[in-house]
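User: Could you take a close look at one helix of this model and at what surrounds it? I would like a connected account rather than a list.

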Amino acid sequence: MPEQHAGHAHDGRGSHEHDHPHPHAETAPVLHLPTDGRLLTPADVRNKVFATVRVREGYDMAQVDGFLDQVEATLELILRENTELKRRPARSPADGSAPQIIALAQEAADRAVAMAKEQAGDIIADARDRAEATRREALTYGGRIREGLQDQIHRLRALLTELEKRTAHAADLGPPTGPAPDTRPSGDVR
């Protein structure tokens, strides 16, 4: 089975900040393994938790890209080792287990690739679900704010109309009649 590139899927909504070399290129790609030098295990992939961000919807894309880079590096290393094992002659020609070992290694590599793809799909689906829920929540909140503002505008217009009516009514009545108000300052006695 030919080795396939297990890179990130691009759906046109974003771009990846760095390109991955094609696995069939003449030079071997540079692998960036975790800082502790160990390869990822299925449990690492299954239990990976990404931080959510508050500025925009979804997960921190740098964390997701970094983790997918680690998964990709692990899978590339496993597939490369598997290919090398297939090319090596069996050490013990009398021992018929070499083809079985190669077959088991291929099965393990195929399972690891399938599991990584499935888990990556689950992570992406979960991120999309969370983004959609956040979008719906924002629309609902925005709708409530809009309704509240429209209600306030309606009440202010009603108050303005009432004030205009009272002003017009007061103008129709004319100036008040009766004794003139005392306009002398209170401390001025005569």
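What follows is a look at helix α3, from the core to the surface.

Analyst: This is a predicted model, and helix α3 covers residues 98-173. A suitable place to begin is the interior, where the largest nonpolar core has 17 residues, and where F50, Y59, V64, F67, V71 and L75 are those with the most contacts inside the core. Helices α2 (61-87) and α3 each supply at least two residues of this core, and α3 gives the most to the core, with 7 residues. In soluble globular proteins, nonpolar side chains tend to be buried together.

F67, one of the core residues with the most contacts, touches L40, D44, V45, K48 and F50 when residues up to four places away in sequence are not counted. V45 appears again beside α3 itself: Q119, which has its place in that helix, is in contact with P42, V45 and R46, leaving aside neighbours within four places in sequence. V45 is thus a contact of F67 and a contact of Q119. Q119 counts as buried because its relative accessibility is 14%, and the cut-off for buried is under 20%.

L149, also in helix α3, presents another setting, since its relative accessibility of 47% makes it count as partly exposed, a class that lies between the under 20% of buried and the over 50% of exposed residues. Together with Y141 and I145, L149 makes a nonpolar surface patch of about 300 Å². Helix α3 therefore holds both Q119, which counts as buried at 14%, and L149, which counts as partly exposed at 47%.

Key
Residues numbered from 1 in each chain as written. Predicted model: local features only at pLDDT ≥ 70, side-chain atom pairs only at ≥ 80, totals over all residues. Heavy atoms only, no water. Patch = residues over 30% accessible without salt bridge, like charges linked within 9 Å, V, L, I, M, F, W, Y side chains within 5 Å. Areas by Shrake-Rupley, 256 points an atom, 1.4 Å probe, with all protein chains shown as cover. Salt bridge = Lys/Arg side-chain N within 4 Å of Asp/Glu carboxyl O. Helix = DSSP H or I, 4+ residues; strand = E, 2+ residues; numbered from the N terminus. Buried < 20%, exposed > 50% of the residue type's maximum accessible area, 1.4 Å probe, protein only. Core = buried A, V, L, I, M, F, W, Y, C linked by side-chain atoms within 4.5 Å. Contact = heavy atoms within 4.5 Å.
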